Structure formats: C-alpha cells, structure tokens
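Trainee: I should like to learn how to read a protein structure step by step. May we work through one together?

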Amino acid sequence: MAGNSLVLPIVLWGRKAPTHCISTLLLMEDASMIVTGCHDGQICLWDLSLDLEINPRALLFGHTASITCLSKASASNEKQYIVSASESGEMCLWDVNDGRCIEFTKLACTHTGIQFYQFTVGTQREGRLLCHGHYPEILVVDATSLEVLYSLLSKISPDWISSMTIIRSDRTQEDTVVAVSVTGILKVWIITSEVSRMQDTTPVFEEESKPIYCQNCQSISFCAFTQRSLLVVCSKYWRVFDAGDYSLLCSVPSENDQTWTGGDFVSADKVIVWTEDGQSFIYKLPASCLPASDSFRRDVGKAVENLIPPLLYSVLDRADKQLLICPPVTRFFCGHREFSYKLLIQGDSSGRLCIWSVPDTLEQQDSAKGLQTTTSVSLQEAFDKLTPRPAGIIDQLSLIPNINEPLKVTASVYIPAHGRLVCGREDGSIVIVPATQTAIVQLLQGEHMLRRGWPPHRTLRGHRNKITCLLYPHQVSSRYDQRYLISGGVDFSVIIWDIFSGEMKHIFCVHGGEITQLLVPPENCSVSFT
C-alpha cells in the first residue's frame, strides 16, 4: 500500500451465481436470517421474512477450506455474532449485521460441532463455545476472543466425540453436557458456576461414562418440552433415552437401506429424523416414552426388538429431484419470534434452500403425501430475479453469436501498477481490460447496457483450451520485467506474454499434465521463468 492510499476490494458478479455447495447451516435465534457454509469455504447470509421468503444478502470470505460447522456466538439480538469453523482448523467470529470478521484463530484440530453456552457471573453474562471434533475432548472456547480456556476430558475410554448437547437446569446452578463418542460411549460432564468461570487449562473430567451401543452417532438432542428425554440418531437406527438414568425407551431401525443423518424433537410426543437422501420423517412416540403418561418407562429393560415402536405421522420429501453431488444438509429449528415457529431447513449442493413449516397440531397423514415444501429458492434463481441482471466483469466481450451464455472466466489477476484486469477464459483466450473503467460500467447504468460504450480491450490467443492460472511476476518481485505475463492451461502449456504489445514471447510444452499453479521463486533463485 503506497502512502495513504486505500485499497477497497469490490466483487462484481456475472449472471451466473457462484457455486455454493452447502455443508452446514444455521438459523439465527430470531429467525430473521439463515446462515449457510459451503465446501468452497464461503458463508452466505440469507434474509428470512415473516412469510418465510428467502433472499441472499451477502457472501463472507475468510476460510480457506470447507466449512464444517456454524454456531451462534452471542445471546443478544443487538449483537448478532456467529462463529464458523473449517476443515483446516480455522475459526472465525462474524458480525452478521454487517458481515465483518471480528476475530480469527487457527487450531491444530478440526471441529465438527460447536454449541454456544451462556452463564451469568454477578450481573455480567459471558459466552462460551463448546467444540468437539477430530480430537478426544471437548474444548471450551471464549466466545469473544476465541481463546481455548479449558477442556472436558475423559478418564474412561477417551475418544473422538460424535455429537453432544447441553442440558440447562432451571432448578440448580449446574448444567450438564451429554456427549456420545465414536465408539458409542455416553459421556456426562457437570458444568457448575465455578467450572464456568475457569480461565486456566485445568481439565474437567466426566461424571459418568456409560456404553449405550450407539455407533456412528449423527446427532444427540435434548427434549426441551419434557426436560426428560434424549434422542440419539445413528446411521442405521435412532433411539430415545431417559435423560435421568439414560435407560433405553424406544428404538427404530432404518428401512430400505436408508441412512439417518440427524433428528430432533418437534414436540413432547413427536420427533423428526432425516436421511442422507433428503427425506424427513415425523414419528409419534409411544406412551412409554412420555413422562406425562402413566405408562412412562414401562418397557425399560426389555430387549430392543420388544420395545413398542413409534407411529409414522408424515414424510417430508424434496420436491426437486435434481441429482446432487453430495448429501443435503438438514436441520430443525424451534423457537419464538413475532410468531412461534417450527422450521425444517435443508440446503444442498446446488446452493438451494428448502423450508418446511411444521404445524403445532400435526395429524396423522398419508405418508405418501406428507408435508409440502413451504419455500424453495436457489442462489441462481435469486440471481435470475435481479433487475437489471448482473452483467459480469467481461460478459459483454464473451458472448458467442446466437448463444446467450457468455464464456466462463476461469482465472484472473489484477495488475494495479497498470490499472489492468487480466481474465483467462474457458476457450483458452485471455482478455486484458482497464480495471477502473470496467468496474464503472458494471456499477452504473449507461450505454454499456445496450452493448455500446464498452472500454477498450486486448485479447491474447495461444492456448488451445481452458486457462487455469495467471501470474504477473513483477507484482511479486521487482527483478522481473514489467511487460511479462505468464499463463498456464489444461493444454499442458505455459506461455510468456508481452502485455504491452500482446505478443507471445515463448511457449513451454514440456509438462505432462494441466498447469494448476504458477509461483515466483525466492529472491536467491535465477530470474529464469522455468
């Protein structure tokens, strides 16, 4: 950065929405916004209206790997903070009101689940993040600084934690963390007010460790309606346990080779569980699972096959049967805003969000009909509704006669010293345009909307197929000539260009595969581009 100049990054989208293969999602507590993380590392904020209409508002960039989990990081509606974690151990704290990244850290472990926990110290409320993943403990992290404060450890059979839930107690100052390890061992930690205030690395060991034979656990949920039940969903069955002594109350195996991927309580007597292919099922629990019933715990001690089965009430299925490249992500959310809501939200690899509104009074229905989708929208559909539609940074130059679809830009590099933007395209051509003028005609309406008044440009042709990477060496080190631009493609070739004259200076065709990256060697190496 030279002098006092300010570099402000601007993203100009084309008519094609960015890819957004959803890997996790979160509904803010006031149900005004849905947050989705994707396998590319981006986070999308979707505004949700009272009538459940969805509109994407912002894309947040900060992670370099797939997003593994999202969680709220504050209990205040004024400060709407969330935390995200990626496969590479990165954690980011975001203000979703304006999209700022407030805090960042990177740990040597991968989180697969995060839950927010708030406690009161005097008159102050403090937040903690309980994290689990590919490590044999639960990390307790400060929700403001993202600093690891202490750990919940296991003395007996320590192992990775598959899933966990927090049981809040209204009667005592003690809360309970219940988790299931990858080997099916249930772990219980008691969080007292003294433990909550801990600021050192002293470990907290479990109070109870009990085998419940729930391998491949996908989720564990506490019933907030009865304060007495736990739902544990495994890939091939789901079970309901008594939260008092963790006795088995109900068990349902999967059918037709289905794979369960999660579940939650819809009400005191109903649960919803969902599968890998995007279907969801609502079941009514038997009386033996309901604390208010005289038959509660009647079947405790019986063999699994002799337990009274629940009753299938409804099936929620994807209306869009498009083939997906990975299983959709499904979550159930229950809460209160201006209205009481029970929403099942699903995100898939095409960047589509679907919402089902689950009614409070649900009668048994024909499972073939089930509940219909309330809202469904994809990132591309949202882009298609924009007026005027985004033109794209060089889409005006990419249109093929008689074909309305522009050529895709597959690589780009910005050269601030010359005010040029270089874009490599899927047909092997490279376009050089004046960056400032190009940005202006995209941000302001004018003659360019009628295909007139487009800034001057230069096209370089030499590759026989898609451009995969571009490099301007002088931008990295002043020992390289300002006129040279380097490009690589899927045609196994690397080309040196003179950006002033547009001349191809040299082509290297000695590679045995497509070029994926171009790097400038260290200062003590030869200036040769090879």
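Trainee: How far apart are the end C-alpha atoms over residues 22–49?

Mentor: Please bear in mind that this is a predicted model. The stretch 22–49 is one of those covered by the annotation "repeat: WD" in an unreviewed UniProt entry. Over these residues the chain is 0% helix and 64% strand. The C-alpha atoms at the two ends of the stretch are separated by 21 Å.

Trainee: How many helices and how many strands are there in the protein chain?

Mentor: The chain has 530 residues, of which 51% count as buried. Among contacts with a separation of 6 or more, 50% are between residues 24 or more positions apart. The count of elements is four helices and 37 strands.

Trainee: Which residues touch the most other members of the largest nonpolar core?

Mentor: In soluble globular proteins, nonpolar side chains tend to be buried together. Here the largest such core has 21 residues, and the elements that give two or more residues to this core are β1, β3, β26, β27, β28 and α2. Leaving out residues up to four places away in sequence, L27 touches M33, I34, L48, F333, Y341, L343 and I345. The two members that touch the most others are L27 and I345.

Trainee: How many residues are in the other core, which lies apart from it?

Mentor: Among the residues of that other core are V252, W260, F265 and V315. Its size is 19 residues.

Trainee: The backbone oxygen of which residue does the side chain of S254 reach?

Mentor: S254 lies in the loop between β21 (248–253) and β22 (260–267). Beyond four places in sequence, S254 is in contact with S235, K236, Y237 and W260. At a distance of 3.2 Å, its side chain reaches the backbone oxygen of Q258.

Trainee: Does G278 count as buried or exposed?

Mentor: G278 is found in the loop between β23 (270–275) and β24 (280–284). Apart from neighbours within four places in sequence, G278 is in contact with L316, R318, P328 and Q346. The C-alpha atoms of G278 and L316 are 8.6 Å apart, although 38 residues separate the two along the chain. Because its relative accessibility is 0%, and the cut-off is under 20%, G278 counts as buried.

Trainee: Which residue in the hairpin of β11 and β12 takes a positive phi near 60°?

Mentor: Strands β11 (135–142) and β12 (148–153) run antiparallel and are joined by four bridges. Within this pairing, V141 stands opposite V148. The hairpin has five residues between its strands, and the residue with the positive phi is L146.

Trainee: In which sense do β12 and β16 pair, parallel or antiparallel?

Mentor: Strands of a sheet pair through backbone hydrogen bonds, either parallel or antiparallel. Between β12 and β16 (204–205) there are two bridges, and L152 stands opposite V204. The sense of this pairing is parallel.

Trainee: Which strands are the edge strands of the open sheet formed by β34, β35, β36 and β37?

Mentor: The four strands follow the order β34-β35-β36-β37, with antiparallel pairing. An edge strand here pairs on one side only, and the two are β34 (467–471) and β37 (504–508).

Trainee: Which residue in β37 is the bridge partner of I496?

Mentor: Strand β36 covers residues 494–498 and is joined to β37 by four bridges. These two strands run antiparallel. The bridge partner of I496 is H506.

How values were computed
Residues numbered from 1 in each chain as written. Predicted model: local features only at pLDDT ≥ 70, side-chain atom pairs only at ≥ 80, totals over all residues. Heavy atoms only, no water. Pairing = 2+ DSSP bridges. UniProt positions renumbered as here; feature names shortened; annotations may be inferred. Polar contact = N/O pair within 3.5 Å; in protein donor to acceptor, adjacent residues only side chain to side chain. Contact = heavy atoms within 4.5 Å. Core = buried A, V, L, I, M, F, W, Y, C linked by side-chain atoms within 4.5 Å. Buried < 20%, exposed > 50% of the residue type's maximum accessible area, 1.4 Å probe, protein only.
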